[in-house]
Structure formats: C-alpha cells, structure tokens
Amino acid sequence: MASEDAEKEAVRVAVKEILSEEDMDVVTEGMVRKKAAERAGVEVSAPWFKGFVKQLIQEFVSARQDKSKRGEEEEEEEKGDENAGSQESSKAMLAEGEDEIICQLSGKRNVSVQNFRGKALVSIREYYEKDGKTLPSSKAGISLTIDQWEALKKELPAIRQAIESLQ
Amino acid sequence: MASKRKRGSKADEKEDEESVAVCEISKNRKVSVRKWRGQVLVDIREYWYKGGECLPGKKGISLTMDQWNVLQEHVKQIDSAVQRVN
C-alpha cells in the first residue's frame, strides 16, 4: 500500500488538473473529491482525504483570486466600472469557508464576502495581520446575511437622507 | 436613540450626539446615523431589549463618511461576489 505522503502527492496533482479543466462556476467540492479519488487511486474514505482536498481547492482559488484581483485593479483605474460585469463572470466560485475581500474601507477595515456553510455573508469588519496573513478580527464588525444585506441596500436612500440631515 | 453606554463615556460627549434611527434590517439589527463630535457616522448594529428598553449590542460597526462612501461604491462588486457563493 502506498504511503500517505505519496497518496497526498497524487491527490495534489489530480486536484490541480481537475480544477484547471473544470468550470469553477459549476464544479462543486464533492465533484472534485470524487474525480480526484478516481485519478489518484485513493479511497474517498481515507480520514485525511476530505480536508486535504478542501485545503487544495482553497489554495487554488485564492491564488486565482489574487491574480484576477491584481489585474482588475489595474484595469479599473483606467476604465472605471464599465467592464466589471464581464470580469466578474470569469472569476472563480467562492468555496466554502472562503473569504474574499471586496474593498478596503480604511487601514484596518475591509468589506468581504464570505461563504459560510454554503451561504453568503457580507462582512464589514476590522482585520489584523498575523504571519503575513490578513485575518478577520471578531471584535469590531458585523456579518450580514443576504436578507440583511438586501434590506440595507433598499434603505440606502433613507440612509443618505439621514446623513444629509445631520451634515 | 443615542447610545447610552460605552460610547461617549464622558457626559459632555453625550451632549453633542444626535442620532437618527434609519431602519431595521432584521429583527434585532438596525442602521442608524449619528453625529458624534461633529462627525457623521453610519452605525450598523445589533440591539437587544431589556425592560422595554432597546440597547446597542457589541456586534456592529460605525463607519465614517469616507468608509461609508467606499462601501456604497462597491455595492455591485459585493453583489457579484455573493452570486458566486451560490
């Protein structure tokens, strides 16, 4: 029987292949797991398997996001928002547990969209740096469900009006 | 309702605080706009009820006008990221 390390290496190669072949907007984590197990000749039931595949997907997705974000920022400066729609569609899906930073509000504050157990959350939150990573702090911030985010959007005119009345 | 605890612990700070309750975005979450030390803030916060009184909770964030404007400018981008979760 192959050692776990060798199996992991085979899974790593398989997952990478699968992710570059598949349409990331359509493929699910489960599909990737199944295919990767077949290609790498590994049992799906191995205790480390599920978590390991998840980790690989996350690595892949965030590497891709970094790339597309960098490209986008440059383009946005030149062209504004006109092309936003077409660029968005080429971006990868947000995997479970993933947190994509949309914009920076201030040095520490970010708005991000999070996939929390398959549901989207819009998070307005302070972040802190640790080991070169930007991590959400639990102290200052709020994560809105989609219903709450939609409600907030609907109230934008009322909020603007309130701001004017105080200025 | 002006927040009574935590923020503006000094009495004189409370004096110049005006607040406009704008809307509820869920049963216990509200958006309010307030003026604090001459600065207008948008507060998105959870509230809880005690003895008929509505008190601001810990969960929430107060955005300055600069921060609020950046958020407003990114509504589209937020929506498209939300789409990619489903």
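Modeller: Buried area is the accessible area that two parts lose on being put together, summed over both. In this predicted model, chain A and chain B bury about 3,600 Å² between them.

Colleague: What makes up that buried area by atom type, and which residues of chain A lose the most area to chain B?

Modeller: Carbon and sulfur atoms account for 69% of the area buried between chain A and chain B. In chain A, the residues that lose the most are L105(A), I142(A) and L166(A), together 18% of what that side buries.

Colleague: How many residues of each chain are in contact, and what distance makes a contact?

Modeller: Contact requires heavy atoms within 4.5 Å. On that basis, 47 residues of chain A are in contact with 38 residues of chain B.

Colleague: Why is the pair E100(A) and R84(B) called a salt bridge?

Modeller: The rule asks for a side-chain nitrogen of Lys or Arg within 4 Å of a carboxyl oxygen of Asp or Glu. The side chains of E100(A) and R84(B) meet at 3.3 Å, N to O, so the pair satisfies the 4 Å limit. Between chain A and chain B the count is 2 salt bridges. For polar contacts across this interface, the rule finds 11 residue pairs, both residues being at pLDDT 80 or more.

Colleague: Which elements of chain A supply at least two residues each to the side that touches chain B?

Modeller: Among them are α3 (49–79), β1 (99–104), β4 (133–145) and α5 (146–154) of chain A. The largest share, 8 residues, comes from α6(A). By class, this side of chain A has 24 nonpolar, 11 polar and 12 charged residues.

Colleague: Why is the pair W48(A) and F49(A) called edge-to-face?

Modeller: Ring centres must lie within 6.5 Å to pair, and planes over 60 degrees apart count as edge-to-face. W48(A) and F49(A) stand 6.0 Å centre to centre with 70° between the planes, and therefore both conditions are met. The pair W48(A) and F52(A) is edge-to-face as well, at 5.7 Å centre to centre and 75° between the planes. The structure holds 2 aromatic pairs over all chains, and ring pairs link W48(A), F49(A) and F52(A) into a cluster.

Colleague: How do you know whether W48(A), F49(A) and F52(A) are buried or exposed?

Modeller: The term buried applies under 20% relative accessible area. W48(A) has 13% and is therefore buried. F49(A), at 0%, is buried, and F52(A), at 9%, is buried too.

Notes. Residues numbered from 1 in each chain as written. Chains lettered and ligands numbered in written order. Heavy atoms only, no water. Buried area = accessible area lost by both parts, 1.4 Å probe. Polar contact = N/O pair within 3.5 Å; in protein donor to acceptor, adjacent residues only side chain to side chain. Helix = DSSP H or I, 4+ residues; strand = E, 2+ residues; numbered from the N terminus. Nonpolar A, V, L, I, M, F, W, Y, C, P; charged D, E, K, R; others polar. Phe/Tyr/Trp six-rings, centres within 6.5 Å; stacked < 30°, edge-to-face > 60°. Buried < 20%, exposed > 50% of the residue type's maximum accessible area, 1.4 Å probe, protein only.
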